[in-house]
Amino acid sequence: MTALLEIKELSVRFGATAALRSISFNFAAGAQLVIVGESGSGKSTLGLSILGLLPRTAEVIGKVRFRGAELPVEDDRAMNRIRGDSIGFIHQDPMSAFSPVHTIGTHLFRAFRANHPGSTRREAEAAAIRLLDEVQISRARERLDHYPHQYSGGMLQRVMIAAALIGNPALLIADEPTTALDATTQASVLRVLANSVSDRGMSLMLITHDLGVVAEVATDVAVMYGGRLIQYLPIADLPAAAHPYTQALLKARPSFGRRGHRLPTIADLLPAGWDADA
Amino acid sequence: MPKLIASRLLTSILALLGAAAFAFIAIRVAPGDAARLTLGAFATDEAIASLRVEMGLDRPLPVQFWIYLQDFVTGDWGRSYSLGQPVSQLLASRFPATLELGLYAFAMAFSAALAMALWGAHRQTPFSERLPQRLALFALGVPQFWFGLVSLMIGFELLGLFPGPVGRLPPGMDAPGGPTGLFTIDALLVGEIGTFAAAFHHLILPAATLALLPFGFLYRLLRANLADMSDASFALVARAHGQSRLRVLLKTLLPNAIIPTLTASGLIFGQLLAGSVLVERVFNWPGAGALVTQGVLTQDYSVVQTFILLSAAVYIVTNLLVDIVAALIDPRLRSGGLQR
Amino acid sequence: MEQGGYRSLRIPAVLCLALAAVVLGGGLFWPLDPLAMDFTTTLAAPSLAHPMGTDATGRDVLARFLAGGRLSLLVGTVVMFGGLVPGALLGLLAARTGGALDLILMRIIDGIAAFPPILLAMAVAIGLGGGLWTAVLGVAISTLPFYARLMRSEVLRVQSYPFVEAAESMGASPGFILVWHIAPHAGSTMLVQSASVFGYAIITLAGLGFVGLGAQIPTPEWGVMITGGMQYALTGQWWLTIFPGFGILFAVVATNLLADRLSDVLGGRGDA
């Protein structure tokens with residue numbers, strides 16, 4: 001298998017704070033990678049640095065290669081073509097990911113047109129309706145004219161999946177796509193996501209702090225802690241080969257089987273004040 | 001939504017009553033004699049005594065306030081003793097000049113503020129951030145009447161690029177006979193290009209002077225709105241869809257940033273009205289503001305009182321209209337209140 | 001961050017100190033009488049004897065400039081605190097009592113706020129018969145809505161903090177909460193925000209002086225000086241208008257800049 005995405009010694013700093021510390025891994029086409037870690041472990045920064053959408057204050061060192069070409073591409077226009085066209089993105093908070101004064105249709109049309117220059121409104125509308133059907137939004141044509149506040153969180157997250165799929169990207173980066181949703185909605189959104197990804201043979205990079213998600217979709221698991229990649233391995237090897245931190249993370253997962261127990265806590269692995277140094 | 005409008009209507013009426021009460025107390029109840037304020041320092045005692053009766057100054061205060069309100073609402077604003085005309089007629093005849101000046105000033109202020117805020121938000125260089133900020137600091141800190149004088153000293157006296165303080169048209173040029181009273185528009189309507197050019201030329205300096213305060217204010221408002229939102233997730237998501245930075249700024253962020261500035265319309269009208277009082281005097285602009293200054297200087301206060309209370313009424317009514325318009329165009333309010 | 005924040009205060013602080021030093025200390029080094037006329041040197045251009053020239057009655061413009069500056073600083077300070085104290089009390093009263101009194105007080109404030117500030121000050125000055133101090137009173141009254149609304153929202157904000165609710169539920173008296181919780185939080189915000197009133201007062205009073213409602217003719221006040229120089233502005237005697245105008249511009253920009261930076265650094269929350 002050829003590597004779809006190669007990340008080599010990628011470090012990102014925000015002023016004195018290091019968000020990513022020399023991350024390296026290769027990501028094969030068709031793989032479904034789940035990146036787990038606690039909040040603040042640098043997971044989201046990783047996704048945004050692949051897309052080249054980190055804030056200007058970020059200092060980036062290291063290399064990201066997508067299909068052999070280095071990212072972010074110097075030329076803005078070429079980079080904009082990669083975003084959405086080759087790499088899709090799903091944001092963690094559906095409630096704030098839509099402009100409140102624009103209709104859902106407008107959001108989808110704009111996403112479509114960014115990837116299909118010269119397309120007509122009719123084509124954009126057809127694509128939008130097809131994708132809303134795919135993510136199980138009923139009465140799609142009518143709902144194109146609705147505003148984000150008229151949608152529920154779960155529906156918005158499914159619309160965001162549709163918008164990310166509209167350019168038919170090879171890789172989909174989903175940054176905590178279910179965190180902001182309640183438990184029952186989480187499952188249905190995740191199912192929609194997993195189905196769409198497998199139907200299209202897409203690669204998926206799913207960022208989460210919820211290990212329950214791992215079992216549902218992953219072919220590979222990466223564990224991050226304190227801006228470092230602690231472990232990267234196929235899902236089959238997870239229970240046996242796990243790093244002590246990964247095992248601790250697995251144990252800290254609540255489950256219906258063991259009521260009445262206190263969840264174990266995870267000891268801090270890092271020396272005090274790690275984020276203040278270079 | 002009818003409920004929303006009803007409650008806004010009620011608060012607006014209360015605010016109007018409050019404003020009228022304030023003006024009434026400041027001018028009528030204060031130690032100065034309202035009849036003498038109206039008739040001027042040289043009026044005879046008999047004239048003052050008869051006006052006191054006419055104005056109802058011999059009656060109890062609540063009755064006086066009621067009469068005052070009635071007169072204001074029905075447009076019975078008294079007479080100017082020095083000009084010998086009813087205040088309503090005077091203001092109506094002077095209003096088009098002030099309106100035209102205000103419209104140009106607003107257009108200048110808004111377009112400059114918008115351009116500066118967008119430039120800063122798009123380029124994000126130290127220069128593109130600082131230059132507009134300093135311009136706004138200057139615009140908010142410079143006394144408008146002084147800036148007007150300096151612009152005349154440089155633009156007219158030193159460089160000869162602009163006309164002197166002669167009002168709306170060069171001496172000897174006739175007003176275009178159009179329906180609106182706005183010379184630039186009337187001139188175009190009747191096809192007098194020369195008159196249009198002259199009227200426009202005479203507008204530039206006074207309108208730019210009057211635009212200073214609203215420019216500084218609007219720029220800061222737009223910049224703050226854009227800055228609040230440039231971190232918004234929807235901007236990031238739109239970029240992740242492959243839309244360019246400029247496109248996201250203009251199509252997604254800008255509409256979100258402009259809608260809240262609507263709510264400042266009342267304030268901006270107030271700034272323009274108050275500014276016209278100072279600026280029109282500098283440029284000898286024959287508008288309502290100059291009438292007010294003249295009234296103050298000749299101690300002929302009937303026009304002044306009316307103008308002041310009218311400006312408050314304009315502010316309140318504008319705010320009411322803006323709230324209604326905002327309810328109509330904001331999708332969250334239009335579809336029956338916030339659902340979440 | 002903190003360090004960088006306070007560093008941003010350096011420039012406006014230096015400008016304000018320079019303003020105060022020139023205006024307050026200038027009188028010591030420039031002893032000419034701002035009111036003394038001298039009909040042998042009328043409308044003289046700036047020279048060594050009269051660095052800012054003389055006016056139509058031969059008065060020294062520099063001496064008048066310095067005296068006008070002293071007056072501006074005085075007026076700025078008087079309006080700042082003259083509006084702050086009653087405005088804050090109104091806001092506090094409205095927020096602490098709530099209910100009908102809150103509603104009535106805030107509608108009165110709405111009514112006052114409906115007037116463009118300078119026109120409101122004009123109304124007060126006219127009603128009370130004109131002159132410098134009635135104009136100052138008018139300007140101070142026009143700041144009431146700003147102070148009262150700010151204070152009210154600050155008090156409501158502090159009251160909703162969990163630690164204040166906790167103190168109340170444990171039986172702390174209203175006086176205790178006022179002194180130990182509200183005063184420290186709201187007080188600092190009010191002081192920071194009042195800095196912006198200083199420049200506003202100077203520029204508004206100059207505007208009133210320009211239409212003849214503020215200081216009266218011989219008084220060395222910057223707005224009045226510009227008015228007096230207006231008829232000479234287009235005949236070459238630029239110094240009569242330029243210097244006092246720069247005085248206002250400098251004073252207002254310096255204090256506004258200080259106010260902006262202070263509220264950035266100390267996190268005062270102006271609700272515009």
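Guide: A salt bridge is a side-chain nitrogen of Lys or Arg within 4 Å of a carboxyl oxygen of Asp or Glu. The model here is predicted.

Visitor: How many salt bridges does that rule find across the interface of chain A and chain B?

Guide: The rule finds 0 salt bridges there. Polar contacts are another matter: 9 residue pairs at this interface, both residues at pLDDT 80 or more, are in polar contact. At least two residues of the side of chain A that touches chain B come from each of helix 1, helix 2 (76-85), strand 6 (87-90), helix 3 (104-115) and helix 6 (153-165) of chain A. By class, that side has 19 nonpolar, 9 polar and 3 charged residues.

Visitor: What makes the pair Arg220(B) and Asp260(C) a salt bridge?

Guide: The cut-off is 4 Å from a side-chain nitrogen of Lys or Arg to a carboxyl oxygen of Asp or Glu. The side chains of Arg220(B) and Asp260(C) meet at 2.9 Å, N to O. That value is within 4 Å, so the pair is called a salt bridge. The count between chain B and chain C is 1 salt bridge.

Visitor: How many residue pairs are in polar contact between chain B and chain C?

Guide: There are 4 such pairs, both residues at pLDDT 80 or more. Helix 1 (2-29), helix 6 (126-141), helix 7 (144-158), helix 12 (265-283), helix 13 (288-297) and helix 14 (301-329) of chain B each supply at least two residues of the side that touches chain C. This side of chain B divides into 38 nonpolar, 7 polar and 3 charged residues.

Visitor: What area is buried between chain B and chain C?

Guide: About 3800 Å² is buried, and carbon and sulfur atoms give 82% of it. Within chain B, the residues that lose the most area to chain C are Phe22(B), Phe145(B) and Trp146(B), together 17% of what that side buries. Chain A and chain B bury about 2500 Å² between them, with 57% on carbon and sulfur atoms. Arg56(A), Arg110(A) and His149(A) supply 26% of the area that chain A buries against chain B, more than any other three residues.

Visitor: How do you know whether chain A and chain C are in contact or apart?

Guide: Contact requires heavy atoms within 4.5 Å. Chain A and chain C do not touch, and their nearest C-alpha atoms are 10 Å apart. Of the 2 pairs of chains in contact, chains B and C share the most contacts.

Visitor: Why are strand 6 and strand 10 of chain A said to stand at the edges?

Guide: They belong to an open, mixed sheet of 6 strands in the order 6-7-8-3-9-10. Strand 6 and strand 10 (228-234) of chain A each have a single partner strand, so one side of each has no neighbour in the sheet. Neighbouring strands here are turned by 15 degrees against each other on average, direction ignored.

Visitor: What makes strand 9 and strand 10 of chain A a pair?

Guide: Pairing needs at least two bridges. Strand 9 (residues 220-225) and strand 10 of chain A are joined by 6 bridges, so they count as paired. These two strands run antiparallel. Val221(A) stands opposite Leu233(A) in strand 10 of chain A.

Visitor: Which strands are at the edges of the sheet with the order 2-1-4-5 in chain A?

Guide: This open sheet has 4 strands with antiparallel pairing. Its edge strands are strand 2 (17-28) and strand 5 (69-71) of chain A, each pairing on one side only.

Notes
Residues numbered from 1 in each chain as written. Chains lettered and ligands numbered in written order. Predicted model: local features only at pLDDT ≥ 70, side-chain atom pairs only at ≥ 80, totals over all residues. Heavy atoms only, no water. Buried area = accessible area lost by both parts, 1.4 Å probe. Polar contact = N/O pair within 3.5 Å; in protein donor to acceptor, adjacent residues only side chain to side chain. Nonpolar A, V, L, I, M, F, W, Y, C, P; charged D, E, K, R; others polar. Axes fitted to C-alpha atoms, helices over the stretch in contact; angles between N-to-C directions.
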